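Me: Please give a close account of the part built around the last helix, and then set it against the rest of the chain. I should like to know which sides of it are covered, what covers them, and how other buried positions are placed.

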Amino acid sequence: MTTFNEKDRIIGSAEYNTNFWNVMRGGRYAADKINDGKDVSTGGYALPAASDDKLRKAIKRESLFRNMATVVKAYNGGSRIFAKDCDDLAEWVPENGSIPIYDGMDDFTRYAVEINKLAVFVKLDDDFVHDATFDIEDYLTSRLAKNFAKAEDYGFITGTGDHMPKGILSPTDGAEAGVFTNSITYDAVIRLFFSLNEEYRKNAVWMMNDDTALTLRLLKDEAGNPLWNHTNDTILGKPVVISNDMPSEEAGESPIVFGDFSYYWIIDRSPVSIQTLKEKFVTLDQIGYLALEFLDGRLIRRDALQRMMINITD
């Protein structure tokens, strides 16, 4: 059985890279040469290390969350690992005084990190795949990155934890309810701002969809001053991030989340793997590519994000 370190070395080699992309072009003669990179549970082959790095960077460019969250690579862990979080210590200590490092020894919160599978499927015409001038790596990287990023962001917002990450809107593991209101008002937004602990406000951003953003753009105080700064698209000095995976202003929903998204952790669990599906599409003169990403995500400090809850009224 190939160990993780051995597999890491293999997929990082130039020989594996060459043979992998020959297989992606439909070259069966090269398949035996990349068997050490095969995932027996999925039938796919691990992306070459350089291509995996290229894809990760492309996903980040397309993603909202990967540019705000903390991304951790945990390729060498079991099917379940535990992330731990605690309050850091910074304290003035008198000369010869004791340093209270032991006070926090048991101050850990454990979070189970799973391996969730995200699948993306794309097709290419044979004419392109077999054209030596066609850069299949660049093309697949671009297509996969857009699809992975879109699906990831959806999961990081709405994920239930059932074969997917736990999103920021999870009622038990997501953002805390900072404000309850019957509708989005100027005062409710101000209250939401101050519901977030001061330590999280420095790097805080607002997240909402287009409909909510339009509502906030029109809000004014009693003196007629707008809430939204139209010069730099900020609210109370904090940037606004638009995601249309966020819900609109409806009873029981959370149309606005405010806080420091770096406390949302994205844990990549293994390199992306790709499987070719030529037989299924041969009559269409196409090759299918099934790409699988293995990851998890969760908020490790609930109080770092606060959400506005719209009351359910009769």
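The reply that follows begins with the whole chain, turns to the helix, and ends with other positions.

Reply: The model is a predicted one, in which local features need pLDDT of at least 70 and side-chain atom pairs count only at pLDDT 80 or more, while totals for chains, interfaces and linings use all residues. Residues are numbered from 1 along each chain as its sequence is written, and side-chain values use heavy atoms, with hydrogens and water left out.

The protein chain holds 8 helices and 14 strands (DSSP runs numbered from the N terminus: H or I of at least four residues for helices, E of at least two for strands). Of its 314 residues, 45% are buried (under 20% relative accessible area with a 1.4 Å probe, protein chains only; exposed is over 50%, and partly exposed lies in between). Among contacts in the chain with a separation of 6 or more, 78% join residues 24 or more positions apart (contact is heavy atoms within 4.5 Å).

The helix in question is α8, which spans residues 210-218. Its buried residues are Thr-212, Ala-213 and Leu-216. These lie on the same side of α8, because they cover an arc of only 100° around the axis (taken from the directions from the helix axis to the C-beta atoms). The other side of α8 carries Asp-211, Leu-214 and Leu-218, which are exposed. An α-helix has 3.6 residues a turn, so residues three or four places apart point the same way.

What covers the buried side? The buried residues of α8 pack against one helix, α6 (186-195), and against the strands β7 (205-208), β8 (228-229), β9 (234-235), β10 (238-242) and β11 (256-259). Leu-216 of α8 also belongs to a nonpolar core of 23 residues that includes Val-179, Leu-192 and Leu-196 (a set of buried Ala, Val, Leu, Ile, Met, Phe, Trp, Tyr and Cys residues joined through side-chain atoms within 4.5 Å).

Strand β9, one of the partners of α8, contains Ile-235. Ile-235 counts as buried because its relative accessibility is 0%. Beyond its neighbours within four places in sequence, Ile-235 is in contact with Leu-216, and also with Val-189, Trp-206, Met-208, Leu-227, Trp-228 and Val-240. Ile-235 also has its C-alpha atom 9.4 Å from that of Phe-193, a residue 42 positions away along the chain.

The 23-residue core is separate from the largest nonpolar core, which has 52 members. Within that largest core, Ile-168 and Tyr-289 touch the most other members, while helix α5 (residues 136-158) gives the most residues, 8. The contacts of Tyr-289, leaving aside neighbours within four places in sequence, are Met-24, Val-120, Phe-121, Val-122, Leu-124, Val-129, Ile-136, Leu-140, Ile-274, Gln-275 and Thr-276.

One of these contacts, Met-24, leads to helix α2 (residues 14-24), where the buried residues are Tyr-16, Asn-19, Phe-20, Trp-21, Val-23 and Met-24 itself. Just after α2, Gly-26 takes a positive phi of about 95°.

Two buried positions with polar side chains lie in strands elsewhere in the chain. Ser-273 has its place in strand β12 and counts as buried at 4% relative accessibility. Apart from residues up to four places away in sequence, Ser-273 touches Thr-42, Gly-44, Tyr-45, Ala-46 and Leu-47 on one stretch of the chain, and Leu-290, Ala-291, Leu-292 and Phe-294 on another. Asn-116 is found in strand β5, residues 116-125, and is buried with a relative accessible area of 8%. Its contacts, with the same exclusion of residues up to four places away, are His-163, Met-164 and Pro-165, together with Glu-293, Phe-294, Leu-295 and Asp-296. Between Asn-116 and Glu-293, which are 177 residues apart along the chain, the C-alpha separation is 8.1 Å. Phe-294 is touched by both Ser-273 and Asn-116.

Finally, Ile-10 is found in helix α1 and is buried, with a relative accessible area of 16%. The C-alpha atoms of Ile-10 and Gly-37 are 7.2 Å apart, across 27 residues of sequence.
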